[in-house]
Amino acid sequence: METMKMMLVDDEERFLITTEKLLSRKGYDIVTAGSGREALEKMRSQNVHVVILDVKMPGMDGIETLRAIKNEFPLVEVIMLTGHGTVESAVDGLKAGATDYLMKPTDVSDLIQKAEEAFEKRLRLEEKIRMAQSRRYMKSPREILREEV
Amino acid sequence: MEKNHYKSMRKNILASMVLVPVIPLLIILAVGYYYFTTSIESSTIASMQRIVGDHCQMIETFLNERKADLRLVCDSSSYHTLKDPERLQEVFVNLQKGSNAFVDLGVFNGDGIHVAYYGPYQLTGRIYGEMEWFKEVIKKGYYISDIFLGYRNIPHFIIAMAKVEDGETWVIRATIDTFMFNDLVKKFRIGKTGESYILNRDGIFQTERRSGGSLMSEDPDHLKYPSHHSGIRTFLANAEDGEKYLYATIWLKEGDWILVVRQQKEDAFKALRSASYLIVLIMVIAGVLIVGLAFYRTDRIIRQMEQMEADRENLSGQLIRATRLAELGEMAAGFAHEINNPLQIINNEQALMMDIWAELKEKGDLKGSELMTDFEDSLNEIHIQIARCTKITQAILKFGRQGEPVVKDIDLQRLLPEVVAMIDQKASVHGIQINQEILSDTPFIRGDSGQLQQVFINLFNNAIDAITTRHGVSGGHIDIQAGPTEDGKAEVSVTDNGIGISPENLKKIFSPFFTTKPVGKGTGLGLSICYGIIHDMGGTMEVRSEQGVSTTFTIRFPVAG
């Protein structure tokens, strides 16, 4: 089974370092990015499954980055990390395609739980895609042969 | 504003309210009085003058007519015929037919011997040659006497006429009835005291005066009358009897007699006095009305101003408080947001430390000691304190920016029991009885039901805390009342019989971060959030409390619709 590759996006460097250490220690594969732009660049070269995205960042903010990610990598699951105590800012993220949200300050255990849920969702989605494709095989193997040629 | 300010303002308004109508009123009354009195005076004097003129005319006419009667006798008869007593009687009877003022008739020769007489007395043969009147008539041809007594010793006056016939002078004389003449003059009446009379040059009454003054006596006032003049004179003078009179005089009978018409001044100008009374009455009534109205209006104006002032102060007080709360809320929200980022880092650092600590222990790199327990305890405490900070920042953020509330019509008759149900369990655990008195005509209000639940839960929880502090687990009760107010609002009041709130604390009760609870138990934001919610709905929230007795929170909402 595929292992989850998580990406942390936040402008707080120390947050990235510590959280990466914590999560790595628990056996997760972690990529970090200090800005939305950096995150998109890294995603192009590495296959990321789940992104933990801070809402408030200088330059390209969380919602913008979220839209760009969803645009380029529709299958990537994004969890918004909001500093606001209220749900409203998170709702904006959910509307723009985020899978879930977390409120700062959040415990690592919560973070892992949400990330795992998102990853499972991702896996289920991939499974569905595979199933759909395989159904096509059954229907018309010749077409598939033609496609592959 | 200070009371003094209103006092002086009241004085100013009162003064202008009294003076503005009073000054024109006085001017109108004064002008009216002046013209009225002048017109009354002149019309009184004019009527006096007319009366004296008419009277004079009448008397002159009377005398002239009698004179003409006698002249006719002279001209139509000769001395010889008239000497005959029978003829004389015939002439007299004819004369009396013309005017019954004639009393007798006599004929005299040039020496003044009464040669013939017809009348009630026996005068024939008497000699009048030396009498004043006889000399006058011989000189002037005719004579009308003053009133005198004569031989007969009765007041009378005579008209005599001389005629020269064949070189011999003879005289005819008639006596005029003084009573009749007297009546003619005396009959005049005006007002109560108006009277008329005739005096001769020496001030002797020729006719009686009604107010006293008999024939032939002397008028004590006669020196006051003007000496001979033509036309009519009017004047005011004090008579000897002490009264003041308005006089009108005219000389008649070629300046022998003076006709006097007089009336007491009081009587003549009676209309003036009643006019004065009327004016005083008007002044008093109008004055009382003006002053009364001025006091009434001024009081009302001042009361309105005070009310407005109080309203304004109240409003600006509310505004200041609301603004201050909003500013504080925004500041706190920004602060909480910024704190959340470092908190997140601390949280993760602590988590990492715990992780590493666990690994070290597992590997057996650490020798078990009391220090290790302390260290671990400290790490755990950091986690607890972070959780506490998180609670605070989240409460602050809730208070600061609520986001857009979902506004709907809300039925308090449904919402309140729902909220009560939420805390019912907690209340019954503490032995608190909840009484709900929600009137069926409680109007619907508009607001966010989530926010309202938050407000009421907050109030109920505070009430429960206050009660348990005072009563422990029995004897507490919370009374919830709802209904319409007289000014068309919906009112909800929550009363508890808890410990109450001190007056100092009552002032700060809605301020953010104000709490009386022990550290870590309350954020001090609950009531200020409630206040903000109610304020945003356009409602008001008030609190009354008596320490150790009860506390009542009263919320008034604008009605939906």
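Guide: Buried area is the accessible area, taken with a 1.4 Å probe, that two parts lose on being put together, summed over both. In this predicted model, chain B and chain A bury about 2,100 Å² between them. Carbon and sulfur atoms carry 52% of that area.

Visitor: How many residues does the contact take from chain B and from chain A?

Guide: Chain B supplies 23 residues and chain A supplies 22 residues.

Visitor: What makes the pair B:Asp355 and A:Arg25 a salt bridge?

Guide: The definition asks for a side-chain nitrogen of Lys or Arg within 4 Å of a carboxyl oxygen of Asp or Glu. In this pair the closest N and O atoms are 2.9 Å apart. That distance falls within 4 Å, so the pair is called a salt bridge. The count between chain B and chain A is five salt bridges. The two chains also have 12 residue pairs in polar contact, with both residues at pLDDT 80 or more.

Visitor: Which elements give two or more residues to the side of chain B that touches chain A?

Guide: They are helix H7 (270-363) and helix H8 (370-400) of chain B. H7(B) gives the most, with 15 residues. Sorted by class, this side of chain B has six nonpolar, 11 polar and six charged residues.

Visitor: Why is B:Thr390 counted as buried?

Guide: The relative accessibility of B:Thr390 is 11%. The term buried applies under 20%, so B:Thr390 meets it. This residue is found in helix H8 of chain B. Residues up to four places away in sequence being left out, B:Thr390 touches A:Pro105 and B:Leu343.

Visitor: What is the peptide bond from A:Lys104 to A:Pro105, cis or trans?

Guide: That peptide bond is cis, with omega near -10 degrees. As a general rule, most peptide bonds are trans. A:Pro105 is found in the loop between strand S5 (100-103) and helix H5 (108-139) of chain A.

Visitor: How do you know that A:Asp61 caps the N-terminal end of H3(A)?

Guide: A side-chain oxygen of A:Asp61 lies 3.2 Å from the backbone nitrogen of A:Ile63. A polar contact needs N or O atoms within 3.5 Å, so this distance meets the cut-off. Helix H3 of chain A covers residues 62-72, and its buried residues include A:Gly62, A:Ile63 and A:Leu66.

Visitor: What pattern does chain A follow along the sequence?

Guide: The pattern is β-α-β-α-β-α-β-α-β-α-α, and the secondary structure comes to six helices and five strands. Of the 149 residues of chain A, 47% count as buried.

Visitor: Is B:Met216 exposed, buried or partly exposed, and why is that class chosen?

Guide: B:Met216 counts as partly exposed because its relative accessibility is 31%. Buried would require a value under 20% and exposed a value over 50%. B:Met216 lies in the loop between strand S6 (195-200) and strand S7 (233-238) of chain B. This residue has a positive phi of about 75 degrees although it is not a glycine.

Visitor: Why is B:Glu254 called exposed?

Guide: The relative accessible area of B:Glu254 is 58%. Exposed means over 50%, so the term applies to B:Glu254. B:Glu254 is found in the loop between strand S8 (244-252) and strand S9 (257-264) of chain B. Phi of B:Glu254 is near 55 degrees, a positive value in a residue other than glycine. In general, most residues other than glycine have a negative phi.

Visitor: What makes B:Ile13 buried?

Guide: With a relative accessible area of 17%, B:Ile13 comes under the 20% cut-off and is therefore buried. B:Ile13 lies in helix H1 (residues 3-76) of chain B. Apart from neighbours within four places in sequence, B:Ile13 is in contact with B:Thr298, B:Ile301 and B:Ile302. The C-alpha atoms of B:Ile13 and B:Thr298 are separated by 6.4 Å, with their positions 285 residues apart along the chain.

Visitor: Why is B:Gly292 called partly exposed?

Guide: The relative accessibility of B:Gly292 is 37%. This value lies between 20% and 50%, so B:Gly292 is partly exposed. B:Gly292 has its place in helix H7 of chain B.

Visitor: What is the mean pLDDT of chain B?

Guide: The mean is 85, and 97% of the residues of chain B reach 70 or more. Among the elements of chain B, helix H5 (residues 178-186) has the lowest mean pLDDT, 81, and strand S14 (residues 489-496) the highest, 93. For the complex, the predictor gives an ipTM of 0.79 and a pTM of 0.47.

Terms used:
Residues are numbered from 1 along each chain as its sequence is written. Chains are lettered from A and ligands numbered from 1 in the order in which they are written. Side-chain values use heavy atoms; hydrogens and water are left out. Contact means heavy atoms within 4.5 Å. A polar contact is a pair of N or O atoms within 3.5 Å; within protein, one must be able to donate a hydrogen and the other to accept it, and residues adjacent in sequence count only if both atoms are side-chain atoms. Helices (H or I, at least four residues) and strands (E, at least two) are DSSP runs, numbered from the N terminus. Ala, Val, Leu, Ile, Met, Phe, Trp, Tyr, Cys and Pro count as nonpolar, Asp, Glu, Lys and Arg as charged, and the others, Gly among them, as polar. Buried means under 20% relative accessible area, exposed over 50%, partly exposed in between (1.4 Å probe, protein chains only). pLDDT is the predictor's confidence in each residue, from 0 to 100.
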